[in-house]
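Hi everyone, thanks for coming. Let me put the sequence and the model up on the screen, and then we can walk through the fold together.

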Amino acid sequence: MPNSPELALLDAWWRAANYLTIGQIYLQENALLREPLRPEHIKPRLLGHWGTSPGLSFIYAHLNRLVCRHDADVLYLAGPGHGGPALVANVYLEGTYSEVYPEITRDAAGLRKLFRQFSTPGGIPSHASASTPGSIHEGGELGYVLMHAFGAVFDNPGLIAVAVVGDGEAETAPLEGSWKGIRFLNPARDGAVLPILHLNGYKIAGPTVWGRADDGEIAAFLRGHGYEPLFVEGSDPAPMHTAFAATLEQAYAKICVIQRAARTDGLVNQAGWPAIVLRTPKGWTGPKMVDGQPVEGTFRAHQVPLANVRDNPAHLAQLEAWLRSYRPEELFDAAGRLRPDIAALSPRGDRRMGANPRANGGRCSVSLDLPDTKDYSLAITRPARERHESTRLLGRYLRDVFRRNAAAANFRLFCPDETQSNRLDDVFAATNRCLVRGAHADDDHLTPDGRVMEVLSEHNCHGWLEGYVLTGRHGLFATYEAFATIIDSMAAQHAKWLEHCARLPWRLPVPSLNYLLTSTCWRNDHNGFSHQGPGFIDSLLSKQGNIVRAYLPPDGNCLLHVADHCLRSKNYLNLIVIDKQPQLQWLDYAAAGQHCARGASAWAWCGSGGEGEPDVVLACAGDIPTLETVAAAWLLRRWLPGLRVRVVNVVDLMTLPPRDRHPHGMADDRFDELFTADRPVIFAFHGYPGIVHQLLHGRPRPERFHVRGYNEEGTTTTPFDMVVLNRLSRYHLCLDALHYLPPGLAGAAALTDHAQTMLVRHTEYIHEHFEDLPEIRDWVWTD
C-alpha cells in the first residue's frame, strides 16, 4: 500500500502524462500554457483519441512503481486502439523518447516539438506504432494484444508482459480466442502474461459487451480460461491509486508464487494466473459535459471531446480549463523540465518500459545454429524418376534445428494441429507438442515443455510467432494453404510494422516471420473445394517488396535450400509454398542450390531443339505446375521433335518484377536470356493467374505471357482432375503452346487429337475407377 507522499507523486506523474496526451491532440504552440490559450495555439486539424488514454497512463504510472519496487522486467502492450499519445507521453516522461529522438528535448522546446509531431504530416501516428520506444504492438487493428504478449514471454522466464485489453477489443474474434494462451504458458521456462481487462464501457458510438456485464459474468469467464480475476473500479483518483497499487502487488506476488513453485517443485497443482479487471470512466478526468451533453464516461469521450476549439470560444475556454486542471505549473519547472521528484518515479536504464531490450528484439537476438542442409538431401541421379514427400526432408532438418538450439531456447514451430499431417513429425524426435495442463498417458508427444505450439487457431499461431520474433527469437508457422488467408490482415499489419521499422535506424533487425504453406489447393482433392484456395500469395505480394519474399520450391532439395535461407534472414515475411504428398524430384542437391540462388533457371535437360532461341517457352512456378509443365515438354518432344522448347522454372517469385520494384528482380538482360525478348511464354502458376501478370508489369511486351493457374474450379476429385478442371494439365499446356505457334507444324494436328482424346478418356476413367489413369498417376521422365 503506498504512503501519502508516494501516492501524491504517482498522481503527479499521471497528471503529467494526461496533460501531455491532450497537448499532443490539441496544441501546436503554448505547450505549457505560459500565456492564455488562443485559437492560433490550436492545431488546424484535431486528430487522436482521448477516451482510452487516461486509463493507459494510469496503468503505466503504477507499473513504474512496481518495476522500481521489485526490479521487475516488464513489457507494456497497449491493446486499445489509438492509445498512442498516452504511450508517447509516458515514454517521454521517463526519458527514453529523448534518448531515441534527441531533437525532442526534455524542456519547453522539446514539448513543443512533441506536440506538433503528433498526427501531423511527417510526424507520428495515433497508435503505439514502431516509432514508439518500448512498443511491439501497435493496437491499430484490434484483437492481437494477448497473442503478442504470450509470444513475447515464451522462453523469456524473467519477463512479465502486461497486456492491456480494451473492452472494445475484447469483442473481436481473435481476442476472444486468445485467452487460451495461458494453457501453453509453462512457468518453469516462460515468463508471465498479466492481462488487464480495461473496461471503460464504450466503443466509438455505443456500449461494449463486457462494459455492460456484471463482475460475476466476467469472473466466471476468466476463471474458465484459467485466470483468477482481481477487480478494481472507481473514478475518484486518490482511492483508485491506493486500490490499484495494492492489486498490482497482489498480482505480482501471485505470479512469483506460481513461477517459484514450478521452478523448484515442478508443475504441480498450478493455481490460476492473475488477471486484473479495471473499470474506469471513458475519458477519465476529461470534460464532464460539452454543449449540454455528457462526455466523460460515455462514448462521446472516445476521440476529441472538444472538436471546434478554434472557432468556438466556449470550447476554447473549456479546453484551457481542462488543461489547467492538471496544474502543469506544479509538474514542470521554468525550463519545461519534469520536476525531479516526479521524474525519480521512473525506473532506470533498461528497466524503463520504453527502453526494455525485448521491445527492440534485435538487441537481444541470437542467430540460430543451423545444420548443413546437405545432410538431409536426396541423392538424385536422374531427374523425375523418384517420388518423395518433400516436407519430410524439412521435418528432419527442423528436428536438428531444435536439437542444436536447445540450450539457446530460441526456436519454436507454430502449427494448427497439423505437424504430423504436414509430414514434419520427425521434429518429435527432438521435442514435443506443448500443453501445460491436461496431458493424458495415451497422448502422442504431448508435454508441458514441448516446443511445437499446436493450437487450432491460425490467429494464435501467427500472433504468438509475431511476439516471438519481435522479441528476438526464431520460428516457423506451418499451415494448410487455404486457411492461411484467415490471417491475411495479421500478415499485413506485421508487414506494415517492418516497413516502418526499416525507416528507424534505432530499430535493429529481427528474425523473419516464416510461413510454410502445404496441403495446397492442387492436392486437397480429398477435402474438396473448401480446402482449395491459393489466395495468401496474392495477399502477401501486395506488400512492399523490401519486406516480402515468396518461394515455390519444386522439390525437396530446393525446399531445404529455401528453408535454410529463410531461417537465416531478418526483417522479412518469407512465404514458402510446397505440397506434402509424394512428388517427383527434379534436381540433385548442388543443382538445387544453384537454382535457388538464381531464383529462376532454364532446365536444359527437359527442353528440346538444342541451342538458340526457342519457338516457345514453357515456364512454371510451383510443384504441381512444374510437374505438368515438364510432362507437357515431354509430350512436345515426342510429337513435335523439330520444335524448340525451353522450360524455365521459377522458385523465387520476386525475380519476375523489374529490379526497381523488388530487390530480387532480374536484370533485363537476364530476364530476356531466360524468357527471350519476343517468343510466346506459356506460364503455369501455382496460384491465381493475375498475380503473375501483376508481377510482370513493367517488363517489355508482357502480353506474350499467357498465364494458367488456379481458376476457382475445384471439388472432391482426383489429383489430375484438379489440373484438368483448371485447364493447367499437361494436355492443356500443349494445346496452349500450339495455339501460339505458327499453324501447320508437322505433328501438331496429331498432338491436338491426342491431347483432346486423353482429356475425354481421363474424365471417363475417373468416374469409373475413382482414380487417375495409370499413365498419368505413374508418369516419370523418359528420354
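I'll talk about two sheets and the helices that pack on them.

Please keep in mind that this is a predicted model. Let's begin with the sheet nearer the start of my list. It is an open sheet of five strands in the order S1-S2-S3-S5-S4, and the pairing is parallel. Which strands stand at the edges? They are S1, residues 73-78, and S4, residues 227-233; each has a single partner strand, so one side of each is left without a neighbour in the sheet. From one strand to the next, the twist averages 20°.

If you zoom in on S1, you'll see that it pairs with S2, residues 159-166, in the parallel sense over six bridges. Valine 74, for example, has isoleucine 160 in S2 as its bridge partner.

Now for the helices on this sheet. H6, residues 145-153, touches S1, S2, S3 (192-199) and S4, and its direction makes about 175° with that of S2. H8, residues 215-224, lies across S3, S4 and S5 (273-279), and it runs at about 150° to S4.

Let's move along the chain to the other sheet. Here we have an open sheet of five strands again, ordered S18-S20-S19-S21-S22, with mixed pairing. S18 (600-602) and S22 (705-708) stand at the edges; each has a single partner strand, so one side of each is left without a neighbour in the sheet. The twist averages 20° from one strand to the next.

Within this sheet, S19 (residues 616-621) and S21 (residues 681-685) pair in the parallel sense over five bridges. There, alanine 619 stands opposite phenylalanine 683 in S21.

Two helices deserve a look here. H19, residues 623-639, lies across S19, S20 (645-650) and S21, running at about 155° to S19. H23, residues 730-739, packs on the sheet too, touching S19, S21 and S22, with its direction at about 155° to that of S21.

And how do H19 and H23 pack, at what angle and how far apart are their axes? The angle is about 60°, and the axes are 8 Å apart. That angle makes H19 oblique to H23, and the crossing is right-handed. On the H19 side, the residues in this contact include Leu627, Ala631 and Leu635, while those from H23 include Tyr731, Leu733 and Ala737. By class, the contact has nine nonpolar, one polar and two charged residues.

That's my tour; happy to rotate the model for anyone who wants another view.

Definitions and conventions:
Residues numbered from 1 in each chain as written. Predicted model: local features only at pLDDT ≥ 70, side-chain atom pairs only at ≥ 80, totals over all residues. Heavy atoms only, no water. Pairing = 2+ DSSP bridges. Helix = DSSP H or I, 4+ residues; strand = E, 2+ residues; numbered from the N terminus. Axes fitted to C-alpha atoms, helices over the stretch in contact; angles between N-to-C directions. Contact = heavy atoms within 4.5 Å. Parallel < 35°, antiparallel > 145°, perpendicular 65-115°, else oblique. Left-handed = near helix turned anticlockwise from the far one by under 90°. Nonpolar A, V, L, I, M, F, W, Y, C, P; charged D, E, K, R; others polar.
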